[in-house]
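Got the model open in your viewer? Let's walk through it together, one selection at a time.

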Amino acid sequence: MMSEMITERFKLNEETIRYIIHFLIAVKVPDEVYNAVGYTADKDLYKNYNIIINPSLFFHEKIYGTHSNLPILPLKQIEGVPLLYGKPQTFWAGETLIVYADIIASAFFMLSRYEEMVRPAVRDEHGRFPGKESIAGRMGFINRPIVDEYGKILRRWLRSTGFEIPEPGKSIKKIYLTHDLDMPFFCRSWKSVIRELMRGTNALSLLRIRTGQPEADPFYTFPWFDIQARKLQLTVGNKRCKSILFVRAGGSTPQDKPHYKLKSHPIRKLLTASINNNISIGLHSSYEAGINPGLIAQEHNNLENAIIQPVKYNRHHYLSSRDPRDMEELEKAGITDDFTMGYADVAGFRLGTTRPVRRIDPYTGIVNSLKLHSITVMDCTLNEQKYMNMTSHEAEVYCFDLIDKVKEMNGELVLLWHNNLVTDNPQLTRTVPWLRSLYSKLIEHLMINA
C-alpha cells in the first residue's frame, strides 16, 4: 500500500533535476554550463546538450518507492566511485558525451534519504535508521562523500566538452562547533544527590556540588568549550567558525530526562552567558517530538519565548528524525536549518555530502526550503561499545580522515560534543576521558589545516 501511495504521488519534476545538477557542479559557472547537461533518454534531444546523462529506471513510476528499486549489490563503480544506479559507461555521439552512469538518481538516493522511506521497518530501539544498515554502511563508503565525488566527475566531464570549470578551493568553508544540552548539570537537585549516593559517590562532594554555584558543577564545561572555539576563531575567523548550543524546550518521555526548566535560574544564566558569547541557541527537539513531530512548533515557541529572540536552528534529541517527511514540521515552525543528519552508530557522511543541502522529499520529489547540515562526528558515536567502539588512537585517525575529506571538497564540518562527556572530574561521572583530549586535538588540527 505504501509503495502504491508513493508512486501515485511522486512526480519527477524538472526543478529537482536542475537543483541536483547545480548541487553537483558546486562552483559558480555561467547558466550555459548548467544548461549543457541533459537528463534524458530521447536521442532526438542529444544534440541540444554537451553532456547527456541517460536515466536509469530509478524514477520509473511503477517501481519508484519499492524494494525492487534499491541499488543492486555489489555496486559498480564509475571512475573509482561507488555507483548506485546506471552503468559505468560513456561514449561520444558527435560532440556530445553520453553517460549511462546515473549520477542524478544516485545523488537523489543519498540526498533525499530515499532508503529510509523504502525500508520503514529497519529501525533501532529509538526508531532511527541505523547507519550500519544503510547502503553506505554495508558497502563501506560511509566515510566517503560520494555525492561530492560525483560532482568532481561531472566537472571533469564538462571540461572534456570544452568548458572551463574550476575546482572548489581546498579548505573547510564552514566549521560548526555544536553541543546538545542533554544533561546541563551533574548534581543540582536532591533527586540527583540520592541517585549518586546510591552509586557510591562521596556524600560531601555531592553536597558541595549541590549547594555551590552552577559553574562549579562537573558538567558545566561550557567555558572550556568557549575557550576552544575562541582559539579556532582567532585562526580561521568568526565567519568560518560558529558555535551552536541546542536546548530542549519540552518532552515528557524518560529519554527526555532530566526535564530541566528554561525559567530556572541556572538554565537562564547559562543561556544568557551563551548569547553574550555569540553562541547561537538552537532547538533540541525532544525525543517525544521525534515520535510526534506535531509537538515541534510548541517547543520552538517555548524556546523563543525563553530567550526572546528568533530560533532558526534545530537538532532532534537522540538524532531521532524517524521519517524524512517528519521534517515538514520543522519548516512549518519556522526552522531554516537542521543539524540532525548524522547516524548515531557510525560517523561519516549520512547524506553523501560535506555540504549543506536543501531538503528533498523522497515521497514527492520536491526540493524544500529547509537546509540540512550533516553531522560529521558525534563524540559518543566513537567510543560506545554498541556503536564504533574505538580506542582514542583509532578515533583520532578516523576523525582526521573525515576532516581531510571535508577540506578536499570545500565542505563544512559539523562537530557534536556533549558538555557532560568532557568533564575533567571523571571520578564523579562515567565518562570517557579521551573525548576531552580528542576534541582539543581536533581544534588544533583545524587551526593548522582548515
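A quick definition before the first click: buried means under 20% relative accessible area, exposed means over 50%, and partly exposed covers what is in between. Keep in mind, too, that this is a predicted model.

**Stop 1: Glu-79**

Select Glu-79, in the loop between S3 and strand S4 (81-83). Is Glu-79 buried, partly exposed or exposed? Its relative accessible area is 43%, and because that lies between the cut-offs of 20% and 50%, Glu-79 counts as partly exposed. Check the backbone while you're here: Glu-79 has a positive phi of about 50 degrees, although it is not a glycine.

**Stop 2: Leu-319**

Now jump to Leu-319, which you'll find in the loop between strand S10 (313-316) and helix H14 (328-333). Here is another residue that is not a glycine but has a positive phi, of about 55 degrees. Is Leu-319 buried or exposed? With a relative accessible area of 5%, Leu-319 is buried.

**Stop 3: the loop between S2 and S3**

Go to the loop between strand S2 (51-53) and strand S3 (76-78) and pick out Phe-59. Phe-59 has a relative accessible area of 12%, so it is buried. Add Ile-78 to the selection and draw a distance between the two C-alpha atoms: they are 20 Å apart in space, and the two residues are 19 apart in sequence.

Stay in this loop, as Pro-74 is found here too. What kind of peptide bond leads from Leu-73 to Pro-74? That bond is cis, with omega near -5 degrees.

For another cis bond, select Lys-257 and Pro-258, where omega is about -5 degrees. Pro-258 sits in the loop between S8 and helix H11 (265-276).

**Stop 4: the four-stranded sheet**

Show the cartoon and colour S1, S2, S6 and S5. Taken in that order, S1-S2-S6-S5, they make up an open sheet of four strands with mixed pairing. Which strands stand at the edges? Strand S1 (37-39) and strand S5 (86-93) do; each has a single partner strand, so one side of each is left without a neighbour in the sheet. On average, neighbouring strands of this sheet are turned by 20 degrees against each other, direction ignored.

Zoom in on S5 and strand S6 (residues 96-101). They run antiparallel and are joined by five bridges. To see a facing pair, select Phe-91 and look across to Ile-98 in S6. Follow the side chains as you go: in a regular strand they alternate between the two faces of the sheet.

Next, bring in helix H7 (residues 146-160). H7 lies across S1, S2, S5 and S6, and runs at about 160 degrees to S6.

**Stop 5: the nine-stranded sheet**

Time for another sheet. This open one has nine strands in the order S12-S13-S11-S10-S9-S8-S7-S15-S14, again with mixed pairing. Its edges are S12 and strand S14 (377-378), each with a single partner strand, so one side of each has no neighbour in the sheet.

Try three pairs of strands here:

- Strand S8 (residues 241-247) and strand S9 (residues 280-285) pair in the parallel sense over four bridges. Val-247 has Leu-283 in S9 as its bridge partner.
- Strand S11 (residues 337-338) and strand S13 (residues 367-372) also run parallel, joined by two bridges. Look for Asp-337 opposite Lys-371 in S13.
- S12 and S13 are antiparallel, with three bridges between them. Lys-371 turns up again, as the bridge partner of Arg-358.

S12 and S13 form a hairpin with six residues between them, and Gly-365 in the turn has a positive phi of about 80 degrees.

**Stop 6: the second largest pocket**

Last, switch on the surface and find the second largest pocket, which holds about 510 Å³ of space. Which residues are closest to its centre? Select Phe-23, Ala-26, Lys-173, Arg-355 and Pro-356, out of the 21 residues that line this pocket.

Helix H2 (14-25), strand S7 (174-181) and strand S12 (357-360) each supply at least two residues of the lining. H2 gives the largest share, with three residues. Colour the lining by residue type and you'll get ten nonpolar, four polar and seven charged residues.

Definitions and conventions:
Residues are numbered from 1 along each chain as its sequence is written. This is a predicted model: local features need pLDDT of at least 70, side-chain atom pairs count only at pLDDT 80 or more; totals for chains, interfaces and linings use all residues. Side-chain values use heavy atoms; hydrogens and water are left out. Buried means under 20% relative accessible area, exposed over 50%, partly exposed in between (1.4 Å probe, protein chains only). On a 1 Å grid over the protein atoms alone, a cavity is a set of points where a 1.4 Å probe fits but cannot get out, and a pocket is an open set with protein on both sides within 12 Å along at least five of seven lines; lining residues have an atom within 4 Å of a point. Grid points are joined across faces, edges and corners, and a volume is the space filled by probe spheres set on the points. Ala, Val, Leu, Ile, Met, Phe, Trp, Tyr, Cys and Pro count as nonpolar, Asp, Glu, Lys and Arg as charged, and the others, Gly among them, as polar. Two strands pair if DSSP finds at least two bridges between them. Axes are lines fitted to C-alpha atoms, for helices over the stretch in contact, and angles run from 0 to 180 degrees between N-to-C directions. Contact means heavy atoms within 4.5 Å.
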